Amino acid sequence: LGLALYASSLCAASGATSLYHDYCIIGAGPSGLQAAYFLQQAGRDYIVFERSHAPGSFFALYPRHRKLISINKQYTSKSNSEFNLRHDWNSLLSHDHRLLFRRYSRDFFPHADAMVRYLEDFASLLKLHVQYNTAIIHVTIERDEQAWNGHYFLLTDQDKQNYKCSSLLVATGMWVPSVVNFPGSEYVEGYETVSINPEDFAGQTVLILGRGNSAFETAENILGVTNFIHMVSRSRVRLSWATHYVGDLRAINNGLLDTYQLKSLDGLLEGDLEDLAIVKDKKGKLHITLRFYLENRNTSAGIDSITLPQDELDNFATRAPYDRVIRCLGWKFDFSIYNRSLRIMPGKENEKKYPQIKPSYESRGTRGLFVLGTASHSVDFRKSAGGFIHGFRYTTRAVHRLLENRHHGVPWPSVVYPITQLTNSIIKRVNEASGLYQMFSVLADIILLRDPVGVLAELEMQTGRKAPNGLFVVVMEYGRNFSGADKDVFYYNRAVGEAQHAWQSNFLHPVIYYYKRLPTEREMRLRPPDWPLPRPDAIHHIVEDFLTDWTAPNAHILPLRRFLENCLSTDLRNFFAESCFLFAFTRQKLPPFCWQGYVRMQGLVGNERLRRHAVEAGLLEDYTLTDFSGDRPPDIREGSQDQLLRDHVIPVRPLQHLVSAKDE
């Protein structure tokens with residue numbers, strides 16, 4: 001009877017109806033809600049599965065001490081909303097100005113509860129399709145040639161309800177604690193459960209495993225009440241101001257560095273955690289030893305029978321016993337719910353906590369499965385901000401645009417400008433665009449002559465835009481040798497101020513790559529180390545600026561314009577109508593500005609004040625003072641007009657328009 005009932009239950013389960021959606025999103029954290037917003041704006045069929053009763057459940061618990069390290073800058077002196085997002089690390093992208101994070105907190109480093117409220121409002125005010133209390137416990141695929149990707153994704157929740165979708169967006173984040181197993185690791189407390197009440201540590205000696213922000217956050221909380229704190233990790237401390245990576249140690253948490261270097265008992269040690277062992281004595285004290293001392297020994301026999309390092313080296317650094325050992329080693333991706341058929345594999349070496357994905361954020365093992373948010377950080381790990389809200393809000397948008405082109409035939413959004421606006425368009429973007437600024441070296445503006453950097457070789461397929469006549473790629477970069485844990489970023493003469501030395505700029509600055517043809521996939525793979533792109537036909541650095549304001553006429557705009565003119569063999573200057581009139585009679589080819597403006601009877605109407613200014617600046621001849629009474633007519637080829645083109649006697653290609661396919 002039992003076998004019969006079991007068989008009937010299997011039949012019922014196999015025959016259960018699967019609820020279908022074009023897009024399934026697992027996780028209603030920031031990246032899941034951001035993806036849902038874009039899909040809803042596009043009118044697509046989607047559903048978000050959230051295991052908790054509310055969105056952003058990670059922030060209901062973490063960080064444990066409740067202070068975010070993502071900055072919330074209230075004032076920038078600018079009213080440009082796009083520019084202000086450069087200094088707003090918490091807001092998601094939307095059309096609703098009520099959903100700017102500064103309306104939820106005025107703190108520079110906000111309380112985590114403000115993020116919980118913000119995400120709840122983001123989901124409710126925008127009426128996103130989120131199904132709460134639904135934990136997806138298993139994901140597999142069903143082969144079907146009629147499906148978008150040759151298969152459907154089958155999802156099962158905790159109540160055995162099945163769901164089917166054509167495209168799967170994984171936005172679960174990183175929530176499984178990273179654990180190191182060694183003899184005695186059962187005595188270690190985890191960051192996720194350790195007390196956050198400083199009084200519980202009064203008069204105690206504490207060892208912290210790990211050296212990230214969670215470790216220093218924990219130390220900062222108990223710094224004033226402990227006997228001393230030691231911190232051990234396999235790598236040296238990395239300061240975010242030196243590496244320019246926001247995931248490294250932030251200044252707000254680094255009080256222990258002061259007490260260490262100023263010799264106030266606390267200290268940092270380097271060592272492989274897997275080589276450690278912990279032995280507990282009869283008084284409950286925890287002694288640190290090395291694993292090889294315990295080999296072939298019975299640890300339950302008592303500490304007196306175990307050799308400790310200080311028995312052989314009496315000044316062993318961790319010879320003093322500890323009251324508590326706390327693990328703060330971060331988190332990793334949950335691979336457990338995915339069937340082997342999906343071939344979701346962990347990365348290699350330092351990226352093994354992330355799933356393997358392509359530069360397009362699509363799984364390397366399964367077409368149609370995209371990883372969003374923190375879990376997608378392997379694309380730019382330790383290089384840019386893709387693991388944080390102010391970075392993945394843009395990469396999520398990029399994934400949405402790739403999907404729109406792939407499944408719905410909607411090309412990547414673009415704008416069309418005349419070639420004469422090329423310089424101005426670039427200057428505007430590098431001074432305002434938040435995606436370029438936050439995702440430096442990863443996202444780019446692509447300017448096509450008739451869009452994440454990593455998929456440049458697949459641009460035509462991924463965006464639906466063609467590049468028949470070459471292209472410019474605009475990215476933001478730090479100096480090649482300026483970032484690193486061992487770098488002194490405060491050295492004298494660290495900044496470059498002159499345009500001719502722009503290529504030596506250290507701080508974040510715009511870089512323009514020019515390609516006569518689209519780079520191949522092989523060239524992308526073989527690009528120089530630490531280069532975001534293959535070697536271009538020409539490259540231009542706009543010199544770094546202390547105010548990050550690249551609008552100086554001589555230092556920023558003029559060198560850029562001359563670079564563009566050299567690449568295109570054309571004249572990109574603007575001219576007065578009088579100049580275009582003279583060129584029409586004295587030159588075989590007109591500059592593009594004259595073709596697209598003056599010849600078509602377009603442009604600004606002059607007045608006496610503007611004409612007088614041009615005369616005084618030497619841009620126009622003052623014909624009102626010319627004497628025409630003589631026998632010889634004035635030679636219009638001489639004077640300031642000839643000077644105007646002295647440096648630009650180059651033929652003009654018939655370039656009429658350009659297309660700018662933007663990351664924005």
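How many residues sit between β5 and β6 in their hairpin, and which residue in the turn has a positive phi? Select the turn: four residues separate the two strands, and Lys160 there has a phi of about 70 degrees. Helices (H or I, at least four residues) and strands (E, at least two) are DSSP runs, numbered from the N terminus.

Some ground rules before moving on. This is a predicted model, where local features need pLDDT of at least 70, side-chain atom pairs count only at pLDDT 80 or more, and totals for chains, interfaces and linings use all residues. Residues are numbered from 1 along each chain as its sequence is written, and side-chain values use heavy atoms, with hydrogens and water left out.

**Stop 1: β6 and its partners**

Now select residues 162-170, which is β6. Eight of its nine residues are buried (under 20% relative accessible area with a 1.4 Å probe, protein chains only; exposed is over 50%, partly exposed in between). Add β1 (residues 19-26), which runs parallel to β6 and is joined to it by seven bridges. Strands count as paired if DSSP finds at least two bridges between them. Click on Cys165: His21 is its bridge partner from β1, and Phe153 stands opposite Cys165 too. The hairpin strand β5 (residues 151-157) runs antiparallel to β6, with four bridges. Add β16 (residues 369-371) as well; three bridges join it to β6, in parallel, and Phe370 in β16 faces Leu169.

**Stop 2: a parallel open sheet**

Next, show the five strands in the order β8-β14-β9-β10-β11, an open sheet with parallel pairing. β8 (189-190) and β11 (267-270) are the edges; each has a single partner strand, so one side of each is left without a neighbour in the sheet. At the β8 edge, two bridges lead to β14 (residues 324-327), and Gly190 stands opposite Arg327. Then turn on α6 (residues 213-222): it lies across β9, β10, β11 and β14, at about 175 degrees to β10. Axes here are lines fitted to C-alpha atoms, for helices over the stretch in contact, and angles run from 0 to 180 degrees between N-to-C directions.

**Stop 3: helices**

Select α2 (residues 30-41) and α10 (residues 389-408), which pack at about 35 degrees with axes 9 Å apart. In the interface (contact means heavy atoms within 4.5 Å), α2 residues including Pro30, Phe38 and Leu39 meet α10 residues including Ile389, Phe392 and His400. The residues of this contact divide into six nonpolar, four polar and two charged (Ala, Val, Leu, Ile, Met, Phe, Trp, Tyr, Cys and Pro count as nonpolar, Asp, Glu, Lys and Arg as charged, the others, Gly among them, as polar).

Jump to α11 (residues 422-432): eight of its 11 residues are buried, so the helix is largely enclosed by the rest of the structure. Ile426, Ile427 and Val430 are among them.

**Stop 4: backbone oddities**

Most residues other than glycine have a negative phi, and most peptide bonds are trans. Zoom in on Tyr62 to Pro63, where the peptide bond is cis, with omega near -5 degrees; Pro63 lies in the loop between α3 and α4. Glu349, in the loop between β15 and β16, has a phi near 55 degrees and is exposed at 69% relative accessibility. Arg382, between β16 and α10, has a phi near 60 degrees and is partly exposed at 27%.

**Last stop: confidence**

Colour by pLDDT (the predictor's confidence in each residue, from 0 to 100). The chain averages 87, and 88% of the residues score at least 70. Residues 4-15 stay under 50, with one contact beyond four places in sequence. Residues 632-661 are also below 50, yet this stretch has 86 contacts beyond near neighbours in sequence. Where pLDDT is low, the predicted coordinates should not be read in detail.
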